[in-house]
Amino acid sequence: MSATLVHSFDGIASRIDATGARSVGFTSTLAGEGTSTIALGTALALAELRQEKVLLVDANWIHPSLTSDARRESAPGLADYLARKADLITAVRSVERSRLDFLPVGDREAARPTLRGLASLLANDVTHFQTVLIDLPPVLTGEMYVLPWATLLDHLFVVLREAATPLPLVRQALGKIGLATPEIILNRTAAATPELATSLVAAHRRLA
Amino acid sequence: MRRYLTAAKRYWLVILAILAVVWGAGLAGAYHEYANTYESQATIWVLRASPELTSSNPEDPGTPVIQTVASQQTELFTQLLQSDSFIRDVVERTSQRSTLERAANETKLLADVRKHFSVETLGTNMLRVSYTTSDPRTPVEMVNAAIAVRTERVLQARVTSTAAVGTLYRSEFDAAQKQALDAARDLDGFKSSHPGTLTATDEAHQAQLQLAIDFAQARLSELRGRADRSAVAAAVLEMSGLEFEVVDEPRQQTTPSGGGRAAVLLALVSLAAGALLVALLVFVGALLADHVAGPLDVGRLAPARLFATVPRVAVGAGAGGSELRPALAAIAFDDGDSPSLSA
C-alpha cells in the first residue's frame with residue numbers, strides 16, 4: 001500500500017487512535033456523502049497506523065457498496081451471522097497485504113441488526129480485533145439499521161459533505177441518533193491535496 | 001446575512017436575467033402607456049346645489065349633511081356612470097357608436113368605457129370630468145356626451161317630478177271646485193226655502209253656508225295658483241342650466257397626456273415585482289444552500305462537534321473524483337480470494 005495514500009485519512013485515524021477507541025461507526029445524513037469511502041480509507045489508515053489487523057464491517061443494509069467493492073455480494077456476511085446461518089470464520093475475508101479483514105453485509109433478507117445480536121458480536125465474537133470499523137447507512141433513510149449500533153460503539157461519526165449537506169436535514173439526523181455530543185467528520189473540505197491524488201492513481205495503476 | 005449575500009452572488013446571472021425581463025417589460029409597458037394615452041377633461045362650475053340634492057338627512061332633519069355642491073354633483077355624476085344605460089347613451093352620441101353596435105359583449109364594452117371615465121372634485125364649487133384612452137379623438141367626444149346626457153337625465157327627472165305635482169294639484173282643484181259648487185247650491189237652496197225675515201237661527205245657518213263658500217273659493221284660488229306655477233316650473237328649470245356650467249370645454253389633445261400616473265404605477269409595480277422575485281430567489285437559494293460551508297461552520301450544529309476533516313482530493317487531468325474509491329477498494333481488497341479469519 002502506498003504510504004502516501006493514507007495521508008488523507010491520517011487525521012481521522014490519528015484522532016481515533018488517540019481516543020483509544022476500539023469500535024467506530026460511520027453514518028451520514030443522506031446517501032452520497034462519502035461515508036463508505038471514509039470508512040474504507042480510515043480502516044486502511046488505522047491498520048497502517050496501529051500495525052495490526054482492522055475489521056471493517058459493511059452494515060449498510062440499504063446500499064452495501066463496500067460489499068460490492070470486495071465482490072462479496074453472494075458471500076455470507078453480517079446478516080447471516082445475526083440470523084445464525086453462518087459463523088464469522090467463514091464470513092470474514094482477510095486481506096493480508098492491507099491488514100484488513102472485511103465482513104460483508106451478507107443476505108440482508110436473513111436478519112436485521114438488533115441490539116442484542118450486535119452486542120454479542122462486539123462483546124464476544126470480534127474481541128480479537130483491536131479495531132472494528134462499521135460502515136452504516138444514512139440515518140434518515142436507514143434509521144432502524146443505525147440506531148442499534150449507536151449505543152454500542154465507542155464512536156459514531158456523522159459524515160457531512162462540505163457545502164452540500166443541508167443543515168436542517170443534518171439537525172434532523174443528529175436528533176434521531178440522540179447522542180449528547182455527536183461527532184462530525186467533514187468530507188471534501190476545500191483544502192486540496194494534489195499529491196495524494198497522484199499517488200492514489202499511481203497506486204491503483206500499480207495494482208492493476 | 002452573509003448566506004443571503006452568498007446566494008445572491010451564486011445566482012447573480014439568474015438575478016440579472018429576472019431583473020432584465022421584469023423591469024425591462026415593466027418600463028417598456030410604462031413608456032407605452034405614457035406615450036399612447038390621451039386625456040380630455042372638462043372643468044365644471046356648480047353654482048348651487050341641485051334641489052334634488054339639498055335635502056338633509058331624512059331620518060334626522062336637524063342634522064345637516066356636510067357636503068359641498070361640487071361633491072354632490074361629483075357623486076351624482078359618479079353614480080350615473082355606474083349605470084349601463086347612461087354609458088350606452090353616452091357612447092351612442094360618439095364615434096364609438098358603431099363599435100357598440102358591433103360589440104358581441106356589450107356589457108364588457110360598457111364596463112371598459114366606464115373605467116376610462118374619471119370624476120373628481122376640485123373645490124367647493126368646481127369639479128372635473130375626464131376621459132382617458134389611446135385615441136386622441138374619443139376623449140373629447142366622451143366628455144361632451146357625458147355632460148350632455150347627464151344634463152338631459154337631470155332635467156327629465158325634474159320635469160317628471162313637476163308633472164306629477166301638477167297632476168296632484170289638478171285633482172285637488174277639481175275636488176275643491178266641486179266642493180265650492182255644492183256649497184253655493186246649498187246656499188241658494190236655503191235662500192229659496194227661507195224667503196222674508198230670517199230668525200236668528202236661520203241667519204246663523206246662512207252665515208255658515210256663506211263661510212263654506214268663501215273657504216272653498218279661497219282654496220280654489222290657492223290651488224289654481226299652485227297648478228299654474230307647476231305648469232311653468234318645467235320651463236323655468238330649462239333655464240336653470242346655469243347651475244351646472246362648463247367652464248373649460250374639453251379639447252382634443254395632440255400630444256399624449258393623462259398617462260403619467262398609470263405609467264408611474266406600472267413602472268413601480270414592475271420594479272417591486274422584480275425586487276420581490278429576486279428576494280424570493282435569494283431566500284430560496286439561501287435556504288437550499290443552508291449547509292456547512294467549512295470546518296468553522298460546524299459550530300452551527302452545536303452541541304455536535306467537529307472530529308476531523310477529509311480534504312477534497314484534486315485529481316489530475318483526465319481523472320474524475322470517483323478515482324479515490326476504486327483505488328482504495330483495490331488496495332483494500334485485491335489480495336487474491338482467500339477468505340479466512342486471521343487474528
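**Figure 1. Chain A at a glance, in a predicted model.** Of the 208 residues in chain A, 51% count as buried. The secondary structure here comes to nine helices and seven strands. Look at the contacts in chain A with a separation of 6 or more, and 80% of them are between residues 24 or more positions apart.

**Figure 2. Strand β6 of chain A and its two partners.** This close-up is on β6(A), residues 155–161. Six of its seven residues are buried, so the strand is largely enclosed by the rest of the structure. On one pairing, β1(A) (residues 23–28) runs parallel to β6(A), with five bridges joining them. A:Gly25 is the residue to find there, standing opposite A:Leu156 of β6(A). The other pairing shown is with β7(A), residues 183–189, again parallel and again over five bridges. In that case A:Phe157 stands opposite A:Glu183 of β7(A). As a reminder, strands of a sheet pair through backbone hydrogen bonds, either parallel or antiparallel.

**Figure 3. A right-handed β-α-β unit in chain A.** Follow the chain from β6(A) through helix α8 (residues 167–177) to β7(A), and you have traced the whole unit. On the way, in the loop between β6 and α8, sits A:Ala163. Its phi is near 60°, a positive value in a residue other than glycine. Is A:Ala163 buried, exposed or partly exposed? With 16 other C-beta atoms within 10 Å, A:Ala163 is partly exposed.

**Figure 4. Another positive phi in chain A, at A:Gln51.** A:Gln51 isn't a glycine, yet its phi is positive, about 55°. You'll find A:Gln51 in the loop between α2 and β2 (54–58) of chain A. It has 8 C-beta neighbours inside 10 Å, and therefore counts as exposed. For context, most residues other than glycine have a negative phi, and most peptide bonds are trans.

**Figure 5. The largest nonpolar core, with its 71 residues.** Which residues touch the most other members of this core? They are A:Ala43, A:Leu44, A:Leu56 and A:Ile185. Helix α2 of chain A (residues 35–50) gives the most to the core, namely eight residues. Zoom in on A:Ala43 and you'll see that it touches A:Val54, A:Leu56, A:Leu100 and A:Leu133, leaving aside residues up to four places away in sequence. There is also a second, separate core of 22 residues, and its members include B:Val69, B:Val90, B:Tyr131 and B:Val140.

**Figure 6. Chain B and its helix α10.** Now over to chain B, with ten helices and five strands. Of its 343 residues, 22% count as buried. Among the contacts in chain B with a separation of 6 or more, 79% come from residues 24 or more positions apart. The close-up is on α10(B), residues 324–333. Seven of the ten residues in this helix are buried, so it is largely enclosed by the rest of the structure. Those buried residues are B:Leu324, B:Ala327, B:Leu328, B:Ala329, B:Ile331, B:Ala332 and B:Phe333.

**Figure 7. A four-stranded antiparallel sheet in chain B.** The sheet is open, and its strand order is β2-β3-β1-β4. β2 (117–121) and β4 (244–248) stand at the edges with a single partner strand each, so one side of each has no neighbour in the sheet. On average, neighbouring strands are turned by 30° against each other, direction ignored. Helix α7 of chain B (residues 138–193) packs on this sheet and touches β1 (38–46), β2, β3 and β4. The direction of α7(B) makes about 135° with that of β3(B). For a look at one pairing, take β2(B) and β3(B) (residues 126–133), which are antiparallel and share five bridges. B:Ser118 has B:Ser130 of β3(B) as its bridge partner.

**Figure 8. Helices α4 and α6 of chain B, packed together.** α4(B) covers residues 84–92 and α6(B) residues 106–116. Their axes are 10 Å apart and make an angle of about 80°, so the two helices are roughly perpendicular to each other. From α4(B), the contact is made by B:Asp84, B:Ile87, B:Arg88 and B:Val91. From α6(B), it is made by B:Thr107, B:Leu110, B:Val113 and B:Arg114.

**Figure 9. A cis peptide bond in chain B.** The bond joins B:Ala302 and B:Pro303, and omega is about 10°. B:Pro303 has its place in the loop between α9 (260–288) and β5 (305–311) of chain B.

Terms used: Residues numbered from 1 in each chain as written. Chains lettered and ligands numbered in written order. Predicted model: local features only at pLDDT ≥ 70, side-chain atom pairs only at ≥ 80, totals over all residues. Buried ≥ 20, exposed ≤ 12 C-beta atoms within 10 Å, placed from the backbone. Contact = placed C-beta atoms within 7 Å. Pairing = 2+ DSSP bridges. Right-handed = clockwise from strand over helix to strand, strands pointing away. Axes fitted to C-alpha atoms, helices over the stretch in contact; angles between N-to-C directions. Core = buried A, V, L, I, M, F, W, Y, C linked by C-beta atoms within 7 Å. Parallel < 35°, antiparallel > 145°, perpendicular 65-115°, else oblique.
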